Amino acid sequence: RITAEDWMQDTRHMRIHVTGSMGSDQLLPTTSTDDSSKNLPYQAGDVATILPSNPASLVDRFLSVLPRSIRAVADKILDIQLKSGGANTATMNHPWPESCTLRGLLTHCADIQSLPEREDLYALSGYCNTNHHEGREQCDKLISLSETTGAALYGDYVIREKRNWADVFYDFDSIRWEEEGEGRKGAATPLTISRLLALLPSISPRHFSIASSPSFMRLQSSSKSPGSNSNDAGFELELCVAVVEGATPFGRSYAGCCSKYLASIVSWDKSNSGGATGSHITAEGYSDIVRLWIHPGSFSKLPLNLLMKEGHAINYSSSSSGHSNMLFETPVMCVGAGTGIAPLRALIFEREAEMMSVKLRDAALMPPSSKECDNSFTASDDVDNVLVFGCRKKTKDYYYADEWEQLTNSKGLYLIPAFSRDQEHKLYVQRALREADSGELIARHILDRRGAVYIAGGSKMARAVKDEIVEALAARLSGGERDAKRLLVKMKRLGLFSIEAWS
């Protein structure tokens, strides 16, 4: 947890060890000049796509509100075939496995935590048993909830109170009611497994910007185990995840499907299990194996080229390691708020790793008599990395504060924090950016230093930051706002201006 224990938001820093069948031919290339950093498993700014699972407690609860005939076969192997053709083809095009148990499908495939749509409620109305003492009334209620005229009713019942599939099945118990003997004679159509699977939505993958730099992590791994090849045993990546939890107006608890899933996984040390292999099941019913894929993100063209600082040359005297004489050809400004810091952290440490790699390489070329030098990894006096980061309170949700302080002290980062609730008037990143360096930072960074700008976070924040940049550039360019927008389009084409935002 990287927020204060008494803070309302629970945000986690997570490190995931990725194993599997990835071979060296599948590793992504990198633009790094350091040969040891070639063939990285992912690139700074990439996105981890995770497919979560449902907790065992929710699966048990959902099974308990299904018809008895379905519950009886919950742990039997099912052979599932999708129907082709017909009017219902679209509704049955779910990626269910061909062979599995119903319990396994509900755990790993069906999104029973999601909120049913209005058309789902209409479909469920057809399965209410009218022989149940409230069957007809419940059928009519589901139809009312599904109609456009009942939008307010649907909003109150489903949206505001976060009622998922298990909640709806529990409330409308005539769906699961079964009679003895001939059963539902004269009643509505009974709910069967095949009809249930035609109704349920599949779990959608969730996307998280990777918060780690692969080059930096490799350098850390090499320093701990010199000569080791981290790809032989997989690799690690880090995420910054805000756990979604809360209560509805009537006190019903709810949680985010994927964030709660990740937060509930307990780190498992094989050394404490007698060397056993395979997955470990936590008390909440989660496995410690995460289904994960990596995809390119919005920041795929991070500039990493290093140049000699003007008027300097690499020398191997004891007073210089060569590192302090280097600077990046293109300075970078990162602007983000909240968990938007994740990809920006990856970008900043990827550039830091590049600078460190140059120092390590040059140190290896030093004559033996000159290797006693300053071992601190400091950037040049002209700071090439600018970070504008916003959160609510410095003492509560200032993510990775120690890292930013360390980089700032080593002159590897120019930090501009914006703590919105630490003063009487709220201070957001767009205002902090506008006022930085007496209002000259934006224009000087982009126009004078030809720097890159990367923005990550909420869509409202990203829009406000972009507006500030356009306004600052328009004040300097002869064509005003028109030229400012044209410049940003050109920078975006070159990979020097990118936004990764979400609502």
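**Exercise 1.** In which loop is T330 found? Decide also whether T330 is buried or exposed, and list its contacts away from its sequence neighbours.

*Solution.* The model used throughout these exercises is a predicted one. We begin by placing the residue along the chain, and we find T330 in the loop between β11, residues 326-328, and β12, residues 332-337. Next we turn to its accessibility: the relative accessible area of T330 is 14%, and a residue counts as buried under 20%, so T330 is buried. Finally, once the neighbours within four places in sequence are set aside, T330 is in contact with P303, R351, R450, G451, A452 and L496.

**Exercise 2.** Describe how helix α4 and helix α5 cross, and sort the residues of their contact by type.

*Solution.* Two packed helices are described by the angle between their axes and the distance between the axes. For α4 (residues 118-125) and α5 (residues 135-146), the axes come within 8 Å and cross at roughly 160 degrees. Because angles over 145 degrees count as roughly antiparallel, α4 is roughly antiparallel to α5. The crossing in which α4 passes α5 is left-handed. On the side of α4 the contact is made by R118, L121, Y122, L124 and S125, while α5 contributes C139, L142, I143, L145 and S146. Sorted by type, these residues of the contact of α4 with α5 give seven nonpolar, two polar and one charged.

**Exercise 3.** Carry out the corresponding analysis for helix α14 and helix α15.

*Solution.* Helix α14 covers residues 441-448 and helix α15 covers residues 459-474; they pack at an angle of about 75 degrees, and their axes are 9 Å apart. Since angles from 65 to 115 degrees count as roughly perpendicular, the two helices α14 and α15 are roughly perpendicular to each other. The residues that make the contact are I442, A443, I446 and L447 of α14, together with E468, I469, A472 and L473 of α15. In the contact of α14 with α15 there are seven nonpolar residues, no polar ones and one charged.

**Exercise 4.** Examine phi, location and accessibility for K162 and for K411.

*Solution.* We take K162 to begin with, whose phi is near 50 degrees, a positive value in a residue other than glycine. K162 is found in the loop between α6 (151-159) and α7 (165-171), and with a relative accessible area of 35% K162 is partly exposed. Turning to K411, we find a positive phi of about 65 degrees, although K411 is not a glycine. The loop that holds K411 runs between α12 (401-409) and β14 (414-419), and K411, at 44% relative accessibility, counts as partly exposed.

**Exercise 5.** How many disulfides does the structure hold, and why does C257 form no such bond with C258?

*Solution.* A disulfide is a covalent bond between the sulfur atoms of two cysteines. The structure holds zero disulfides. For C257, the closest cysteine sulfur is the one in C258, and it lies 6.5 Å from the sulfur of C257, which is too far for a bond. As for accessibility, C257 is buried, with a relative accessible area of 9%, and C240 counts as buried at 5% relative accessibility.

**Exercise 6.** Where is L102 placed, and which residues beyond its sequence neighbours does L102 contact?

*Solution.* L102 belongs to helix α3, residues 102-108, and at 0% relative accessibility L102 counts as buried. Leaving aside neighbours within four places in sequence, L102 is in contact with L63, I70, A74, K76, L78 and L197. For L63, which is 39 residues apart from L102 along the chain, the C-alpha atoms of the two residues are separated by 9.2 Å.

Technical notes. Residues are numbered from 1 along each chain as its sequence is written. This is a predicted model: local features need pLDDT of at least 70, side-chain atom pairs count only at pLDDT 80 or more; totals for chains, interfaces and linings use all residues. Side-chain values use heavy atoms; hydrogens and water are left out. Axes are lines fitted to C-alpha atoms, for helices over the stretch in contact, and angles run from 0 to 180 degrees between N-to-C directions. Helices (H or I, at least four residues) and strands (E, at least two) are DSSP runs, numbered from the N terminus. Angles under 35 degrees count as roughly parallel, over 145 as roughly antiparallel, 65 to 115 as roughly perpendicular and the rest as oblique. A crossing is left-handed if the near helix is turned anticlockwise from the far one by less than a right angle, and right-handed if clockwise. Contact means heavy atoms within 4.5 Å. Ala, Val, Leu, Ile, Met, Phe, Trp, Tyr, Cys and Pro count as nonpolar, Asp, Glu, Lys and Arg as charged, and the others, Gly among them, as polar. Buried means under 20% relative accessible area, exposed over 50%, partly exposed in between (1.4 Å probe, protein chains only). A disulfide is a pair of cysteine sulfur atoms within 2.5 Å.
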